[in-house]
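User: I would like a close look at the salt bridges of this model, and at the surroundings of the residues that form them. Please give a connected account with the cut-offs stated.

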Amino acid sequence: MKTYCNNKVPRVPILVKEICQELILSQEALKEVCDRLQEEINKGLGKESNPEATIKCFPTYVRELPNGKEKGRFLALDLGGTNFRVLLIELGDKCSMESRIYAVPQPIMIGPGDGLFDHIAECLASFIKERNLGTELLPLGFTFSFPCKQEGLTKARLARWTKGFKCEGVEGRDVVELLKKAIAKRGDVKIKICAVLNDTTGTLMSCAWKNHNCRVGLIVGTGTNACYMEKIEKVELWDGDLEEPHQVIINTEWGAFGDNGCLDFIRTEYDNTIDRESLNPGKQLFEKMISGMYMGEIARQVIVRLVAEGLLFDGKSSDILQEKGSFFTKYISEIESDEDGDFNNCYAILEELGLNNATDADCANVRHVCECVSRRAAYLAGAGVALLLNRINEESVSVAVDGSVYRFHPHFHNLMVEQVSQLIKPGIKFDLMLSEDGSGRGAALVAAVASRTSAMR
């Protein structure tokens, strides 16, 4: 493997910069993104406008945040893919956690719905018995990361299966009720399902346990989504009671921002190609510009164009580079982790892609492409967060963030902070905090808060 370390960093040629220019967003464009997001969120919250809105703004029915005094033992169930987790979380002065991962076998993923929930109930029972908790009534928070229409804190109807699941007889039905029936049928464990939520709400709650001014949850990983605390008076969709607190966490589902064409003014030929070749053309357009599932492919398309125009690798590509999806998003993080003047990671990645004759100038150009793609993603995420902070309009707010892109990219946090600072109202202070295990600890905290508030009523 080649190594390179030199303080003289090769300059990026003007022609390369010109090709990358459409990925660079002006401050005016980012302000316009904020304005359009505001308009789309208002449509999502409106009773009459919601059916046509692209950002659905689902009320989560989570209205209270943790106060840090939650105590006791709680279960969390995290189902969002081919595996699911069961967690036992003890809250007190410190948080302790035990967990176990269970597989969902392929026949169960595509079999009858009863089979899936019976399997989950069996694994829950096994988990509880292994820990001798059989006699204790355990509150449970259920993270269910599939598209749902939530109708209450413990009621969510599955809109459609994704991620390879096709269990019959579940779409349109309340998943909490199906799980309750499967548990009751066994009759060997005591579980009280206190809440159903998605991982974005869990991200906010997990952070809010220690940071009581947390009001926004953000995920920038394989996909992206955000939730935030909204005043009930602004939520025309609200069909719950009007008692205190007059607030509710809104699950924006902002990955769909732009599906109605409102972001076409910043979308590029690369975004259009990615969308056209995706499994869901015309859907989740904001997500396709900023999330880990797509960033690497955007960079690959730019690199392929630079090669075709003779601006990279002497115009010679490789079979691997020509393959869709071959340039992973993790490559962007690794390349940008090299110190200035050091291209060791870049050389290693290019060799993996079959490009063995790269020069330091090629590496500088590849890094420039990666920086343009990741900076755009971070700035768009930052613009979205700034708009949510402006809506909340409190003096000091923490933003809980999770997801592989935010967690592993070396500059994503700083780039987001830079952009949020530019776009928020004067006088608002904020910080972005890495949130730990929203789908586990966050789910338990939703259950804990629900238990606490129901006991007070």
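Analyst: What follows is an account of the salt bridges, with a short addition on backbone geometry.

The model is predicted, so local features require a pLDDT of at least 70 and side-chain atom pairs count only at pLDDT 80 or more, while totals for chains, interfaces and linings use all residues. Residues are numbered from 1 along each chain as its sequence is written, and side-chain values use heavy atoms, with hydrogens and water left out.

The structure holds 24 salt bridges, a salt bridge being a side-chain nitrogen of Lys or Arg within 4 Å of a carboxyl oxygen of Asp or Glu. Helices and strands are DSSP runs numbered from the N terminus (helices H or I, at least four residues; strands E, at least two). Buried means under 20% relative accessible area, exposed over 50%, and partly exposed in between, with a 1.4 Å probe and protein chains only.

One of these bridges joins the side chains of Lys 185 and Asp 118, at 3.1 Å from N to O. This pair links distant parts of the chain, since Lys 185 belongs to helix 5 (residues 175–186) and Asp 118 to helix 4, 67 residues apart. Lys 185 counts as exposed at 58% relative accessibility, whereas Asp 118, at 28%, counts as partly exposed.

Helix 4 also contributes Lys 129, which forms a salt bridge with Asp 188, the closest N and O atoms being 2.6 Å apart. Here too the pair links distant parts of the chain, with Asp 188 in the loop between helix 5 and strand 8 (191–197), 59 residues from Lys 129. Lys 129 is partly exposed at 45% relative accessibility, and Asp 188 is partly exposed at 26%.

In helix 13 (residues 360–392), Arg 367 and Glu 371 are 4 residues apart and therefore separated by about one helical turn. An α-helix has 3.6 residues a turn, so residues three or four places apart point the same way. Arg 367 and Glu 371 form a salt bridge whose closest N and O atoms are 2.9 Å apart; Arg 367 is buried at 9% relative accessibility, while Glu 371 is partly exposed at 22%.

Salt bridges also link Glu 98, Arg 100, Glu 130 and Arg 131 in a network.

As for the backbone, Asn 132 has a positive phi of about 55° although it is not a glycine. Asn 132 lies in the loop between helix 4 (113–130) and strand 5 (138–144), and is exposed, with a relative accessible area of 71%. Most residues other than glycine have a negative phi.
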